[in-house]
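Let's take a walk through this structure together, one neighbourhood at a time. Please keep the sequence and the 3D view open as you read.

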Amino acid sequence: MVQTVRTVVIEGEPDSIEILQKLIDDFKAEEEGPPPDFVYKYDRLKMRAPALHFMSMSIFEAADYDPIFVIETNFDGLDGPIWAQLEAAIPSLRAMLRCCKRPAGPLGDVYDAISYRDSIFPLAPYLEAHMVKPRIFHLGNRGLDRTRILRESELFVACQDELMNAETRNPNPYRPATASEIHQRLRAALRPKFSWLDEPASPRIPKLENLTDRLRLIGLVLAVLLCLSIPGLLLALVSHSWVAIAISLAAAAMAARAIGDLGDLRQLIPKSASPGGKLKATIAGICGLTLYVLVFSFIGAAILALLTPVTFLGALKANFIEMLKAALLVLAVGLFSVLAILWWLRRLERRDPSQDEPPINDKLMREILKSEDHIVQNHMGSLVLVKPGALRAVLIRIGLVGLGLLLRVTARDGYLGDMRTIHFAHWALVSNESRLLFLSNFDGSWESYLDDFIEKAHSGLTLAWANGVGFPPARFLLLEGATHGRLFKAWARHSMTVSRFWFSAYTEYSVNQIERNAAVANGLRRVRFDNAEDAKTWARNL
Amino acid sequence: MGAEPVKPKGEADAGKWGLTRPQWKDIQSFVASGLSQLPWGQALFLQIDRPGGGWLRSLRALEPIKKGLGPINNADGLFEEAVTIAFTWTGLQRMGLSDETLKTFTTPFREGMHQEDRRRRLGDEATRGTIVREGLQWSGNVPPEDPSITPAASPKTVHALLLLYDWDEGAVERWALSVQTHLNTQGVTVVHRLPLSLNLDKLDKEIVAHEHFGFTDGRLQPEPYLQPPAGNADETYRWRGIPLADVLLGYPNFHNNNEIAPCPLVPFSDQSTLRADGAPEGYLNLGLNGSYLVVRELRQDVAAFWSSLESAAATMRKQGPHSSAITADWLAARIIGRQLDGSVLCPPGVTAPQNDNFGYLANDPYGFGCPFGSHVRRANPRDGLARDARSGPNLLDAANHHRIMRRGRNYGEKIADRMVDDGKNRGLLFMCLNTDIARQFEFVQQTWLLNPSFATLFNETDPLVGPKGPMTIPEDPLRRVIEVETYVKLAGGEYFFLPSVSALDYLQGL
C-alpha cells in the first residue's frame, strides 16, 4: 500500500492569529475530551479520517514573515479523499481558514466561497490549492497501512496475553515446547479471533513501485551526467584533440588544488568498510567510468557512421578513435565542471555566516518542551530560510530530489543510516520555494532524535539542511554541519514552533515495534514452519 | 577496613587523561578518582542562611579540610582524607553570584532537576511510584523562570553538598559533627546528612565495593581522553574512550569538531586567579576544570527486593523442569545484568570477558546472556543497539557519546540478613560527573533506562530504577517475562556545579 505525505501551507492573517491558535487549542481539547459521541480520545479524527497515520497543525511565526499555518497529513493511498475527510473530522477547520489571508487572483474567489458566513462550500479545492508536495519524505514502516499496523499490534498484544496466561499454568505448556510447537499452539489459540491470519499479506512495496523508484534514480543520475557533459559536448564540436583533453585535465587539477580540502571527502567512506569493500568500490567506479566513456563514444561513432554515406562498419571503424577522443574530452571537461562547482561551493561555504547562538523565544521554548515526551513518539516542525544564490538554488533542488530518490531505493527497511526512529518525516520547499519546511514524527525524545541525526545520519541530514540560513558550518554539503552537535541542536530548536495539534494513530508503537508486530504476524500467517531455524528466529520476536 | 593510610597516587596521576600536573592541581580530587582508598564518608547537605562566600573561606581554612579540599596530589605524604564541595543554582545565587553569571550556566542546572517537564522526562513523577512515600525530601528548590508556574518544592532546600571521605568510619563521623558545629557559627545549616560507605569486601584477592543489594559496584567506567590516541591499537579507547570534555568543562571536545562547550563566565578582572581559557573577550572562565555533578538519593528496600525475587523464583520453578534452576540470585543477576560478583553474564558456551573492553554485538546479540532490559545493558548498551556487524562500530561510538563518570556511594549500614527488613534507611547516593547534563545524564535516564521501546523491547522500563512493570529475559525458544516492583526510589536530588580550585577561590571572595 502506498503512503502519501501532503502539507497545506497557508499565510495567516496576523490580526486573527490568536483566534486561530485558540481554535486549534480548542480542537485539541475536544479530541482529548474525548469528543462528544465518541468513547476514546481522538476517535472522531481517527474514524472520520480512516487512512490517517499522523497529522499536525502548527503556526510558524517570525519577525520577517506573517504567521504561516501548516497542516501536515501522512496517510495511506493517493491524495484525493483526505481533505473531505478532514473537513468532516475537524468541525472548526472552516473557521480556522477564515483566520488566514484572502489570496490574490482566482483563488480569492474560492476563499470567498468557503469563508462567508454559513458557507457549506467544500474546503477540499481550497486546501488542495495550498498543498505542498514533499521534496524528500521518509517512511519508517513503508508499505504497512494503518489498518494493518493496528491489527498486527492487536495480534501482538494478544500473543503476549496468551503467553502471560500460560505462565500461571503448572506446568506451562509453552515452556518445554520447541519454537515450531510454540508457533502451532499460538496459531491455534489466536486464529479464531484473528481470522485475517488466513489471508495472505499484500506485498509491502509493489514491484512496479520498486522499479519506478530505481528508474527515477537512474534517470536523475543520467540527467545530471548529461548536464555536466554539456560544456564538454560543445567543446568537442569544435575540437577534440589530445591538447584540449590535456588542458581540461590540467584545469581540473588546478581546480582540485584550489579547493584545498578535497581529500577530506574520504571521510565519507564508512569507517567499518573493509579493505576488500573499498577495493571493490574503486574497481566498480573505474569500470563505471570506462563504460560511460565507451558507451558515449560508441553511440557518437554510430551516429556519425549513420550520417556518413560510406559503408556503416567502415565509417564506424574510422570514427571510433575520433569519438573516443571526443568522449575523453567530454569526460575531462566534465571532471573540470564538477571540481569547479565544488570550488564554488566551498567558496560559498567558507563565507556563509552560521548562527552560533540563534535567539530562542523562552515562552515558545517552554510550550514546546511542555508538549514533548508524553507518549513514545514525538513531533517536530521546523521552518528555515534557504540560502540565496544560483548555485544554492540548483544544489538544494538536486540535493533534495537526489537524496529523496536515494532513500526510496536504499532506505526501504526504514533505516536512515543506522537509525530507525522515524515514522513519517519530510522536507518541503514552501513560500515560493524560499523556505525549507521540515516535519517529522519520530520515536523517543527530541534530544535522542537529534543525537541520532548527529551520530548516525549526519551526512544525509547536512545535505538536506545545510542550505538553510544559519546552519552550522558544513563542507562539501556533506561533511561536518550536523556534527557540530551543540550548534546544530541550538539552530534546530530555534527553527521550531510548537506542534499545537498533533495526532498519532498508534501512540504506543515505535517503528521497531511495528516491524516486530509485522514479523510476529507474518509468522502466524504461515500454517507451519518447515525449518526449525526459521521457527527459532521467528520466536525471538515474541 | 582500611586501617592504614594509603599512599597518594599523585605521581601516577600526572599525565592521566592527557592532563598535565599543573592542570590537575586545579581539579578537585573527586573528579580524578572514586577515592576508594577512603571507603568511609559523610555527605553534608548545606543550606546557606547568609549571603556571601565568607563561610566557604573559613571552611577552607579549617584543618583538615584545608588539606583535603583540592587536587588529589596535594597531600605532602599521606593521603588521609578528601573533601569535595559542589553547589546548586540556588546556592550560588544565595552566595551572591551575579544574575549575569548565573545565566551562563547550562539550562538543566539553571532550571533544576525538578522542573516539571524535566520530571516527566526523568520519570520522577510521584504518580509513577518512583518517589519515596513521604515525597521528595530535598532539592535545590530552584524557582521556575516563569512566575506563573508553581515550583515543585521539597521541604528541605540544599544549597551545597560537602563530601568528607576518610579511611575510618568513626573518625569521619566525628569530623562531620565538628564541621557541622563550625558551619553553624558561619550561618550555614546542615539540613541533611548521610553516612557513606563503599561496603568493601574481599573477593578472591581483590577488595571490591558492593551496593546494598549485594552486587559489586564501582567498575565499568568510561575512560576520558583529551585527544584520541594515535592509531587503532588502543582497545580501552575503542570500547570505552570518551572525550575529556564530557567530564571536565573548558576542554575541546574531539567528538564535536574540537569545540569548547560554553562555560559559566564571570567578568574579567586582573585580581582573579581564574583563567580566560575558552571564555569570550571580557570574561573569565568560571567553569574551567569544573564539572556538573548529578546527585540522586536512591533509597533501596533490600529485604523487599530479595523476598519478591524469592517468591517469583519459586513460582517460576513450578512451571516445569525447564525452570528448575531459577533462583532469586539468578533473577537478580538478570535484573542487574551482572552476576553478584560482577562477572559478565554470557550466553551458554561463551567465556566471560575478563575486563571491561567488550561489546555485546559479537557474543550476545540476542541478550541470551545479559538481557537487553537489564540495568547494566540499558545504562550502557555499548554496541548492542546495532542491527548488524557493519553498524557496530558506529553504534558503539554513538553510545560512548552519552557516558557519565559515576562517583556514587552507599548510604546507611549494610543489611545483616537480606531477607529481613530491619526498618533502617539505606540506599545509594548516586553521583555522576558530566558536562552536558542533557546529552549525558538525562539521555541515559530517559532514552536508555526509562525508554519503553529500548532496543527491541515493548512497554517495559529499567527493572531497577523504573516504575513497576514487566521485564523480558530472552531465551531460546521462548523468552521469559517477569514482573518487577520498584524497590529503588528517589528521596532527593539535584544538579550541582562542582567548581575547580580556582573557582572556589573566586566563590569564597563573594
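Trp491(A) has a relative accessibility of 1%, so this residue counts as buried, the cut-off being under 20%. Bear in mind that we are looking at a predicted model. The partner to look for is Trp465(A), which is buried as well, with a relative accessible area of 0%. A pair of aromatic rings is described by the distance of the centres and the angle of the planes. For Trp465(A) and Trp491(A) the values are 5.3 Å centre to centre and 90 degrees between the planes, an edge-to-face pair. Trp465(A) belongs to helix α16 (residues 458-465) of chain A and Trp491(A) to helix α17 (residues 485-494) of chain A, so the pair links parts of the chain that are 26 residues apart.

Now widen the view a little. Both tryptophans belong to a cluster linked by ring pairs, which also takes in Trp427(A), Phe438(A), Phe442(A), Tyr449(A), Phe453(A), Phe471(A) and Phe488(A). Over all chains, a search of the whole structure finds 39 aromatic pairs. One of them joins Tyr42(A) and Phe503(A): the ring centres lie 6.1 Å apart and the planes meet at 45 degrees, so this pair is tilted. Tyr42(A) sits in the loop between α1 (17-32) and α2 (43-48) of chain A, while Phe503(A) is in strand β12 (residues 501-504) of chain A, 461 residues apart. Tyr42(A) is buried at 13% relative accessible area, and Phe503(A) is buried too, at 1%.

Rings can also have a charge for company. The charged end of Arg346(A) sits over the ring of Phe476(A), 5.4 Å from its centre. In chain B, the charged end of Arg382(B) sits over the ring of Phe358(B), 4.0 Å from its centre.

Next, follow the strands. Chain A has an open sheet of five strands with antiparallel pairing, in the order β5-β7-β8-β6-β11. Its edge strands are β5 (136-139) and β11 (496-497), each of which pairs on one side only. Starting from β5(A), four bridges connect this strand to β7(A), and His138(A) stands opposite Ala425(A) in β7(A). How many residues of β7(A) are buried? Nine of its nine residues are, so this strand is mostly covered, each being under the 20% cut-off.

On the way to β8(A), eight bridges join β7(A) to its antiparallel neighbour, with His426(A) opposite Leu439(A). The two strands form a hairpin with four residues between them, and Ser431(A) in the turn has a positive phi of about 50 degrees. Over at the other edge, two bridges hold β6 (residues 377-385) of chain A to β11(A), where Met496(A) is the bridge partner of Ser382(A). Lying across β6, β7, β8 and β11 of chain A is helix α15 (residues 446-456), which runs at about 115 degrees to β8(A).

Another helix to visit is α5 (residues 107-115) of chain A, whose buried residues are Gly108(A), Tyr111(A), Ala113(A), Ile114(A) and Ser115(A). The buried residues of α5(A) pack against α4 (93-98) and α6 (124-129) of chain A.

Finally, step back to the whole of chain A. The chain is divided into domain 1 (1-133), domain 2 (146-203 + 510-539) and domain 3 (239-351). Between domain 1 and domain 3 of chain A, the C-alpha centres lie 50 Å apart.

Definitions and conventions: Residues numbered from 1 in each chain as written. Chains lettered and ligands numbered in written order. Predicted model: local features only at pLDDT ≥ 70, side-chain atom pairs only at ≥ 80, totals over all residues. Heavy atoms only, no water. Domains from an automatic or database assignment. Pairing = 2+ DSSP bridges. Contact = heavy atoms within 4.5 Å. Axes fitted to C-alpha atoms, helices over the stretch in contact; angles between N-to-C directions. Phe/Tyr/Trp six-rings, centres within 6.5 Å; stacked < 30°, edge-to-face > 60°. Buried < 20%, exposed > 50% of the residue type's maximum accessible area, 1.4 Å probe, protein only. Lys NZ or Arg CZ within 6 Å of the ring centre and 35° of its normal.
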